[in-house]
Amino acid sequence: MESTPARASGYKPPPPVIEPGHTFESVTSKISSVVLTKYQPVGWIITTLIAFMFLNLMIVSVSYLFLKGIGIWGNNVPVGWAFDIINFVWWIGIGHAGTLISAILLLLKQDWRTSINRFAEAMTLFAVACALMFPLIHTGRPWLAAYWLLPYPNGMGIWPQFRSPLIWDVFAVSTYGTVSALFWYTGLIPDLATFRDRAKHRVTRMIYGALALGWRGSARHWQRYENAYLLLAGMSTPLVLSVHTVVSFDFSIGIIPGWHTTIFPPYFVAGAIYAGFAMVLTLAIPLRRMFNFEDFITMRHLENMAKITLVTGLIVFYGYLTEVFFAYYSANQYEKYMIINRMTGPYAWSYWMLIFCNGLVPQTLWIKRLRTNPFWLFIMSLIVSIGMWLERFVIIVTSLHRDFLPSSWGMYYPTFWDFSTFFGTIGFFTTLMFLFVRVLPMISIFEVRTLLPQSKIEGAEGH
Amino acid sequence: MHREPAVPKLYGLMAEFDDANALVAAAKRTYAEGYRKMDTYSPFPIEPAWEAMHVHDRPVSFFVLCGGIVGMIGGFGLCWWVSTTAYPLNVGGRPLNSWPAFIPVTFELTVLIASFAAVISMLALNGLPMPYHPVFNVPSFLRASQDRFFLAIEATDPKFDPARTSEFLKSLGPKEVNEVPA
Amino acid sequence: MSQLFHRNTNIYSRLSIVAILAFLGFLGWVVAMLYMSGYHTGQADFVEQPIQFSHAHHVGGMGIDCRYCHTSVEDSSFANIPPTKTCMNCHSQIWTNAPILEPVRASFRDGTPLRWTRVHDLPDFVYFNHGIHVRKGVGCATCHGRVDQMPLVYQNANLMMSWCLDCHRNPEKYVRPREEVFNMAYERPADQPNLGADLVKEYKIGTVDQLTSCSTCHR
Amino acid sequence: MDFAAIRSRLAGAEGRLYWRSLAELSDSLEFREYLHREFPEQASEWNDPKGRRSFLKLMSASLALAGVGACTRQPPEDIVPYVRQPEEIVPGRPLFFASAIPMSGIAKPVLVESHMGRPTKIEGNPEHPASAGAADAVTQAAVLGLYDPDRAQTVTYRGEVRPWSAFMGAMQSATSGQKGSKGAGLRILTEPVTSPSMAELLATILQDYPAARWHQFDAIGSDGARNGIKQAHGSAANAVYHFDKADVILSLEADFLSPSGIGSVRYTKDFADRRRVTDENKHMNRLYIVESSPTLTGAKAEHRLAIKSSEIEGFARRLASTITGQSSSAASTPAPGGQLGEKWVAAVAKDLQEHRGRSLVIAGDYQPAAVHALAHAMNQALGNIDATVTYGPAIEAQTVDQHASLAELSNAMEAGQVQLLLILGNNPAFTAPADLKFAERLAKVGLIVYHGLYHDETADLAHWNVPQTHPLEAWGDARAYDGTVTLMQPLTEPLYDAHSAYEVLTTLTTQPMRKTTEIVKDYWMRAFGAGVWTIRNAQGETFNNAEAFWRQAVHDGFISGTAALATPFAPAPKPGAAAGAPGTAAAATTTDTAQAPSDPSTPATGSAQPPAPTPTPSPAPQTAGGLELIFRPDPHVLDGRFANNGWLQEAPKPLTKLTWDTAAWISPRLAETRGLDRGDVIELRYRGLTARMPVFIVPGQPDESVTIFFGYGRRMSGRVGNPPEEARAFNAFLLRTSDAPWFGSGLEISKTGERYLLATTQDHHAMEGRYPARVATIAEYEKEPEIFKHMGGHVPPRTLTLLPEVDYKGYKWGMAIDLASCTGCGACVVACVAENNIPVVGKEQVDRNREMHWIRVDHYFTGDIDRPESLQAIHQPVPCQQCENAPCEVVCPVAATTHSSEGLNDMVYNRCVGTRYCSNNCPYKVRRFNFLLYSDWYTESYYSQRNPDVTVRSRGVMEKCTYCVQRINTARIDAKKEDRAIRDGEIVTACEATCPADAIVFGNLNDPDSRVSKLKAQHRNYGVLEDLNTRPRTTYLASLRNPNLELEPAGERTTGH
């Protein structure tokens, strides 16, 4: 596809999105073998076990929370939200890359997306699952949250309050989760058919067969399939942008200095993409090593993701500068104090760490040698994830702990249970992720096939 | 799985190719030959293949549009009805119909219903789920989901005649031609 | 190859989808029914009482006015349960040694109060005031039903918030002239809409805004 | 134990409801626990700090409880009607009874709300001159003490449970042993006694046992005032001050606005009345104060001179000589405080003399007699007598120097002369000065009978322990600060096997079986007969018979016109004789009863004109160098008597906002030089005694003085008050000596290196230029009435909005709080706690900023930390502001907080899911969240205290000030029943009702004539953070100061910050 224009002009083609020499067969067997085999790399087993331990930690923490109430956390009256909402926003942000890659890049006809979109989407689903947990548990009484947050006729004759950003959240996040799941499953159908036809054991074949719904690759089906898939992509794109916009409303609708600002929607969305791509890198780099997918997830992919990370990182950093400028330009004493307090107050360490992680570290990506060094990218992506977590910490905690009346200023100190719940969800996420790569194709086989030269039809305009 | 009766009814004939280009070429010729009840099977979407068969139906888009409209009206309607009619309450001195605040929910519901419409209509129009299909009777059809390309002409096609159709198919230079028992 | 699934699977698979949806719908319906049913609301439940006191006999039969026992209904939030003394006013004269009344006499003798079980039991976060409802022309029977026909009192309405709201939103549907409040047999006249509207005006019944403000019932 | 006794005792109608729960209680485990706790060997269990937060124990159950939401059925509920219903009781409607809570023998008049026989709330008695409807925090919290499960519950002898009859028997034999020696071995130790009936009973006993001695001791009473007035008058008297008549006030360390002082409720009211500046009437009084450690009075003063306590006498002498013009040696001696002191003497003297008859000099309870004498002399010289100061006869039956009295008893014990010792309350084993070694000398006493509310430190050393009745459980009488005889009537039968002091004392008399009721009533019946007490009704007419008088008195809670009469100290006539009047035998027995005047029937004031002598200087405290140590009663637990009261422990202490603990106050400079920080534990060495204290840095504290507070470090106060191990030594009594009860020099402090957690509710005391609380001098205000509007952010015009105006027809509730009157006493906080079932959360939770108080008193410092005289403190009570554009409501996802049709910001607990978004979005941070199950759902005895009109909140629920919506609804319903509108003042919120300064006013904003509308029309009216366009319904009237330009040239201090 981009080989055609390449020959026309004299410009050097970028590295290929798939290493040469592959056939339909080789692609199919390489990817499906990860699942359709008895043996797993040791790395997979160890990681899954560790992740599973943390998952149990989460279960313990949450049960204890339900038993005693959120008093076990460090939240208090100036700081009503802390780790709970920080984690929520952090996970939602991570959950953005998947849909973005599969939807927006699809619309932009970025064919390099094909070999990473599948597990990026999976990542989205699991991140959203982690995120959804927090709005439910942060009340300490999730049974009521489920009981009252959804609109349905009831004996009290009373309904949710649709002016509240939290209700928008409920709709945005659940819609996002559902649509992502649909999108992901639709994409899986043809590959499930492949598994159905390749699996050895009869039961395995029956299971994949049932999930494949009897897909048989008919051209008429393909045609509708492509149509629907494109429409889904078209709808997911505004959706993915809306979700973090709505999440940012949780703050910008509030009147707290540091929350009540108009730049939040764009700056949050950029931050989400930023965090999302960082997490994709964090996952892609070890996975491609673990399963020798260097052929499919090539340096080109890593570099492109690095570039997107750099761009979004710059947008986020611009957001920080804008906040400072607003504070100065607004001539509003509360805003001014808020920024000064962030930079010099008791939580200054978090602000400056944030600037370091999100502002400085990504600048290294200007350098091609670092941008194309998987190890550095891995480290950098971890730092960015930490930075994005800190960003939410700064926005939520340092804004709340000193708002309007000095008499009610206070400090927030996390407890053991704050940390255990957070790390628990990371275990939850990783467990799901690793189980996913074990049972489903982590790379979209049928789309990779279309990348092979063999799939090009003479006379047909390249698409 | 128990066997079918000795002389099975015929679903149609199926030619197997190992190259996408061949499939497209074959499809074109078959269509030109006047066959209509035909279909091609491939491990990945090949636009020329359905263009060759002159398949152009876009009802999915229509259903998505409907879903979107339903979602939008439903979403705003819900917010509006709840806030102004079901239990009107003075919330922070805001008007009962604070329509700007209802936009997010409206939008989300629009997308949600539309997406469901897309997937469900796609599956329904494709007649899925359909775990059983005659074409699966062809042993080599296993590779239709991997690296082989198939062209089938159904027995119900008016021009269909077991012998002549089989001849015609062979003339397309397939790896082999199989009968597809119904 | 051989088919992985039998040809009937197609039917089954589609049926199963329909079936699952239908089942979920049914489940929702069952929950809703249970939620509205007496099992949850206590409506029309049989309530064990220390004495088989029959309102049907005392109110329906003998025509005793509600206020003879529930003295505080007009001037307090709580329509009091009569002290043992009230029972003994009559039962020191009649049925003086009916075995069924032994608990009453025992209570009166050694001063241990009778322990009745609440029939109309609102949650503790709901503050209902009998006095004002009676004053504004809400009949006893409107909420408590035809107590004069109940051998044993049971909960007449489901006492759900939506039930309260129904009247708080359109009182004109239910209010009656004050003098009829304690009349068990009162039937809403044909022109209730007009009558109700007039009474709402005459009795200065609060606006719907005020009647449906949260703090009107919850504190 | 004798349950039959309890049953019979509880058989009364009022008791009936309670009877039920006690019967249940008596079988329950808790009750066994209480029984066990009576045994000293079990004392260890008391000291388990965990016990303090026992609500955590059953937390697991809370899951089930909290789950009561969707598809669970309510548990069946019983209704238990009366057997014979008392006429006055209408089930569901509260009754109010006038009574009193005695403190140090002085009555604090109250009105008690009772639901179906359960006292639930204490408010001030509006009719009573000492209250005028207000009550201080300590008095209101007494109702919690009534239900305290840690109260002593049974009569015990050496730890064994005994019936009351056994005690009476024991006393018979003990007294018969004393008959021979005329009671030489008999000693009675009480608090100061102002109760006429109690005085008669004591006199009777002392007549039967002429050799017996009656001692009085009150650790926080003021011998200085007693002796000072004796010096001035030559005889005991009772000085009453009238701040409502004073334009210029000089306080010599007198904390007359203290949150718990005797008479301070009325004093606060009078003081505030004199500074209710309106746009029309701009007259305002002026307060100078010379004091050591800061007080609320100091915070309110225009001018505050911070010097050592010991220097105040010197200052007073200088000032007195300047005013009286008598050239004494003092005139030449330089005034303390350097040039500033000199400047002060001149300025204050001038100001006082310019206001002859309208000025007032008042000396502090903790100053020696000499200073009091000087103050009286100055008032005399300034012609303030009978104008701003009036003298009545002593209201104590016998006025004695209490430390001397206790010392005498202690020595007698040491000498082994005490065979039978009756201790009536006040826990001397804990509160006695250290040098008297009272606790260990108790061992030398033959038989000790202790009559106390708790099984406390003294009870632990006593042989017989008789549980004391709570003031709400028994009849009694006592005199208010101004001498008005005040009656106490029981609101409930004693909850436990408790007995009144009368009943204990009667066991010494010839008729031990007499009940409290008869004793008190009988006394007043006879009093009515005889001319000892001139008994008139409020209109000054005589009653036609004793019964009418009695009914009236019990109804009113006091006997009007009794202030000017002395308490006779005379035995009752012999039972045989015809019922004679009390006090007739006065001349016969009263030997040393220092009464002024001797003839009680004539008004005292006439003869009370003090010949202002130059008072004898008080012995100079031995100056051993080092720092000055100042003792003070804790503002809330006083000398420790309220240590087990959770409400008082959690109520933030004035100025420091400290809860649950005590601390040694040091000045910032001292902290700097000694390298101390808040929470550092120091060791205090003073006259060979040592104690420890965590330090608290308090601006305005003199650099050479360290102030410590009594009441903490109690080992046996109960599960709430018992300190953790490391806080046992935080006990100021360990350092107190009887010769220098209130201050002394020679203190050495040293840093121990340990740290102790001090939980405060406010850590930041600067306003950061945000002007939440606004203040200006009266001059500035007169020049520019709009001055307060210009402070703080720009307020957008009401028209500047996209939203349509909501117009509130009908009622439109609002509140105005006058910062000029508010003294920051914190009475409103406790009133709110009592009214709204607000839970106690405990120290750790407070430290995490999770206190639940719906109204808080913010406190801001202005001025220069290093120039104490420049410091100004301002207090600001902050309830929910009930914003019309409430930011909290918009963000609630479930509509759990919405606006009512009358503009209330409703909070619906049962709808709240607990997202805490509303709290985050509240700019005033007045919302409170139940992070854990804070309400005590498991201590049954507390159930009865709860206000049945307010939901008891569960875990995970947001709550906040509701403007006492339960009171609004009650009033609205009553009004509707009568087809009328709610009258202005008909709804009184709990905080408003109890505010001694009448700083809080609630009412209908749609009524232009309502008090609140008028206040909001004032120029001083402003809303906090109005620039956010929240449109608060609660607004404030800015504070005003009336400085003396000689001490503070105009504009010397820029107002506000």
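**Entry 1: chain D against chain C**

I started with the contact between chains D and C, which takes 44 residues from chain D and 50 residues from chain C. Note to self: this is a predicted model. I looked up the buried area next and got about 4,200 Å² between chain D and chain C, with 52% of it on carbon and sulfur atoms.

Then I went for the charged pairs. How many salt bridges does the rule find across the interface of chain D and chain C? I got three. One I wrote down is C:Arg115 with D:Asp78, where the closest N and O atoms are 2.5 Å apart. I also pulled the polar contacts across this interface and have 19 residue pairs, both residues at pLDDT 80 or more.

Which elements of chain D give two or more residues to the side that touches chain C? I listed helix H2 (15–27), strand S1 (78–79) and helix H33 (965–977). H33(D) has the largest share, with seven residues. By class, I have this side of chain D down as 18 nonpolar, 11 polar and 15 charged residues.

**Entry 2: chain D against chain A**

I moved on to the other partner. Here 59 residues of chain D are in contact with 60 residues of chain A. My note for the area buried between them says about 4,800 Å², and carbon and sulfur atoms give 58% of that. Which residues of chain D lose the most area to chain A? I found D:Arg770, D:Arg911 and D:Tyr917, which together make up 16% of what that side buries.

The rule finds two salt bridges across the interface of chain D and chain A. I checked D:Lys925, whose side chain meets that of A:Asp403 in a salt bridge at 2.8 Å, N to O. For polar contacts across this interface I got 33 residue pairs, again with both residues at pLDDT 80 or more.

The elements of chain D with two or more residues on the side that touches chain A are helix H5 (59–66), strand S31 (856–862), helix H30 (887–890), helix H31 (917–921) and strand S35 (928–929). H5(D) gives the most, at five residues. I sorted this side of chain D by class too: 29 nonpolar, 16 polar and 14 charged.

**Entry 3: second largest pocket**

I turned to the empty space. The second largest pocket holds about 1,400 Å³. Which residues lie nearest its centre? Out of 43 lining residues, I noted A:Ile253, A:Ile255, A:His260, B:Arg94 and D:Leu1028.

I looked up the elements that give two or more residues to this lining: helix H12 (299–330) and helix H13 (333–344) of chain A, helix H4 (99–125) of chain B, and H30 of chain D. H30 of chain D was already in my list for the side that touches chain A. The lining of this pocket comes to 22 nonpolar, 16 polar and five charged residues.

**Entry 4: second largest cavity**

I have about 1,000 Å³ of space for the second largest cavity. It is lined by 46 residues, and those closest to its centre are D:Pro102, D:Glu191, D:Gln468, D:Thr469 and D:Pro471. The elements giving two or more residues to the lining sit in chain D: strand S2 (95–103), helix H6 (137–146), helix H17 (428–431), strand S16 (447–452), strand S18 (476–479) and helix H20 (501–506). I split the lining of this cavity into 20 nonpolar, 20 polar and six charged residues.

**Entry 5: salt bridges over all chains**

I ran the salt-bridge count over all chains and it comes to 81. One I looked at lies within chain C: C:Arg105 with C:Glu102, closest N and O atoms 3.1 Å apart. Where do C:Arg105 and C:Glu102 lie? I find both in helix H6 (residues 102–110) of chain C, three residues apart, which is about one turn of the helix.

**Entry 6: backbone oddments**

I checked omega and phi last. The peptide bond from B:Leu128 to B:Pro129 is cis, with omega near -5°. I placed B:Pro129 in the loop between H4 and strand S3 (149–154) of chain B.

D:Met116 is not a glycine, but I get a positive phi of about 45° for it. D:Met116 belongs to the loop between strand S3 (106–115) and strand S4 (118–124) of chain D. D:Ala895 also has a positive phi, near 55°. I found D:Ala895 in the loop between H30 and strand S33 (897–899) of chain D.

Terms used
Residues numbered from 1 in each chain as written. Chains lettered and ligands numbered in written order. Predicted model: local features only at pLDDT ≥ 70, side-chain atom pairs only at ≥ 80, totals over all residues. Heavy atoms only, no water. 1 Å grid on protein atoms, 1.4 Å probe; cavity = no way out; pocket = protein on both sides within 12 Å on 5 of 7 lines; lining within 4 Å. Points joined across faces, edges and corners; volume = space filled by probe spheres on them. Helix = DSSP H or I, 4+ residues; strand = E, 2+ residues; numbered from the N terminus. Nonpolar A, V, L, I, M, F, W, Y, C, P; charged D, E, K, R; others polar. Contact = heavy atoms within 4.5 Å. Buried area = accessible area lost by both parts, 1.4 Å probe. Salt bridge = Lys/Arg side-chain N within 4 Å of Asp/Glu carboxyl O. Polar contact = N/O pair within 3.5 Å; in protein donor to acceptor, adjacent residues only side chain to side chain.
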